[in-house]
Amino acid sequence: MKRHTYLTGAVIGLALACASAQADVKDPLPDSLSLGGITLYATVDVGYAYQSSGVPINSQIPGGLEYQAFTTTRNFSGSQSTVAESGLEQSKIGIRVSQPLVNDVSLVARAETGFNPLSGQLTDACASIANNAGKTVGNQTANADSSRCGQAFNAQLFGGVSSPVAGQLTVGRHNSLQLDALAQFDPQALSYAFSFLGYSGFNGGAGSTEGARWDNSIRYAFQSGPVHIAGMYSSGGQDTGILGKAYGVDAGVTFQGLSVEAVYENEKGAVNLRSSFDDLPNPLAPQPTVVDPFPTPGLAAYLSDDTSYNVMAKYTFDLGDASQKDKLTIYAGYSHMEKANSSYTAGSSEGNYLLNVGINVNNSAVYNMEWVGARYAMGSGLNLTGAFYHISQNSWTIGLGGTGTQGIGCSAAGLLCSGDFTEASFVVDYVFNKHYDIYGGVNYSEVTDGLANGFVGTTVGTSGSQNQTTVMFGLRVRI
């Protein structure tokens, strides 16, 4: 992983040196650090958090903490009080490029990576799972699956051309169309600490969090007046979060204060890391060559073919007079996600972590999600945001050997039972200017029945619950 760190540092250092030479020395923090059509941007978000239930902070997992009760590890070991990171926004650094090429056509590119500001490490969720393998409840640190798995650029990396008449065409690693849409229609703006949509890439990945960002993809977007459309295709890869082909389409319209968006996504062979409790101790370490009773080394996973249908909307009211400029925005959204049996049985996850695929989806897992919320943005810089999120899961079965033919259902594996997740959050954010803001908020989340199975005190089957309350205060700096 060191070569990734060196590469990222070299690219960012070169851009920073060029941008700093352009910056006005009279303004120590200009609106952006740019040189011509090259712009360097960054976010650092740090703070302090208290959790009624949780596990110690991990310097690799995105956000550092398990901010929601929706987690495959069922890992809570008591209350937590700790310095924290990336509560409102993933800390990151990136470069945007927009250079005129010919006539109205411009060369465009973007390179962005997320890091944990308390440790300086690139976010690497897969490593957080691997490093907790074999540890019992009460001895683990925070760990979870993600599309950010230690890549040099674990967010986006793409390049292409753009024209106001013909649209924009780019090739590389992109956010999924659904993830980009959620960034606009989530009232908590994909916050790790206060939004399920931000904490987990589950929705953005059409039901598999590693599908929230697509490697080996081509994306086209076009806008004409109030209407915009986009399409994306990926050929997948054996060392990515989607082993097979994937495609998606997006359409939206904005009229006065109303915006409406619809997104469809289809992914073949999406990677789902199961849990650190399912992994062998040190699953990435060399294994003995003699025959032993343990399965093939690798991160425990199952693969699925995912389909999602999504619709979301928001409406903004302008309040007060011209001097006050208050805005009230109402948000709502619905997603339907299905995970079906996949023909893929082997491969690697994001970041090229070897997988141990021993099970697969047998009959479809179905998830329905709804969310609503509101944000009141005052001209004074004070923002008040409240949101509610809900997910329901049906009962489904898995099969052994990646075939999906031998069914294991609810009675044998409680996580496969029907269940629900609910979350409510409220955040107060004071924006001093475009570079600095401070915030405080509270988040309450609960899983019940099948989605709670595995937490201490729950039973295999259809009973039990686990809840978590997180309170966090923080400071965010952006350039």
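This section describes a disulfide, a buried isoleucine and a nonpolar surface patch in a predicted model.

The structure contains 1 disulfide. C126 is joined to C149, with an S to S distance of 2.2 Å. The link connects distant parts of the chain, 23 residues apart. C126 belongs to helix α2 (residues 125-130), whereas C149 sits in the loop between α2 and β7 (157-163). The link is right-handed, at 65 degrees about the S-S bond. Both C126 and C149 are buried.

I61 lies in the loop between β2 (38-51) and β3 (80-85). Its relative accessible area is 2%. I61 therefore counts as buried, the cut-off being under 20%. Leaving aside residues up to four places away in sequence, I61 contacts N116, S128, A142, N143 and A144. One of these partners, S128, is 67 residues from I61 along the chain. The C-alpha atoms of I61 and S128 are nevertheless 5.8 Å apart.

A nonpolar patch of about 810 Å² occurs on the surface. It is formed by V227, I229, V253, L258, V260, V311, Y315, F317, L319, I330 and Y334. Elements that supply two or more residues are β10 (227-234), β12 (258-273), β13 (299-319) and β14 (326-340). The most comes from β13, which gives 4 residues. V253, also part of the patch, is located in strand β11 (residues 246-255). The relative accessibility of V253 is 36%, so this residue is classed as partly exposed.

Terms used. Residues numbered from 1 in each chain as written. Predicted model: local features only at pLDDT ≥ 70, side-chain atom pairs only at ≥ 80, totals over all residues. Heavy atoms only, no water. Patch = residues over 30% accessible without salt bridge, like charges linked within 9 Å, V, L, I, M, F, W, Y side chains within 5 Å. Areas by Shrake-Rupley, 256 points an atom, 1.4 Å probe, with all protein chains shown as cover. Salt bridge = Lys/Arg side-chain N within 4 Å of Asp/Glu carboxyl O. Buried < 20%, exposed > 50% of the residue type's maximum accessible area, 1.4 Å probe, protein only. Contact = heavy atoms within 4.5 Å. Disulfide = S-S within 2.5 Å.
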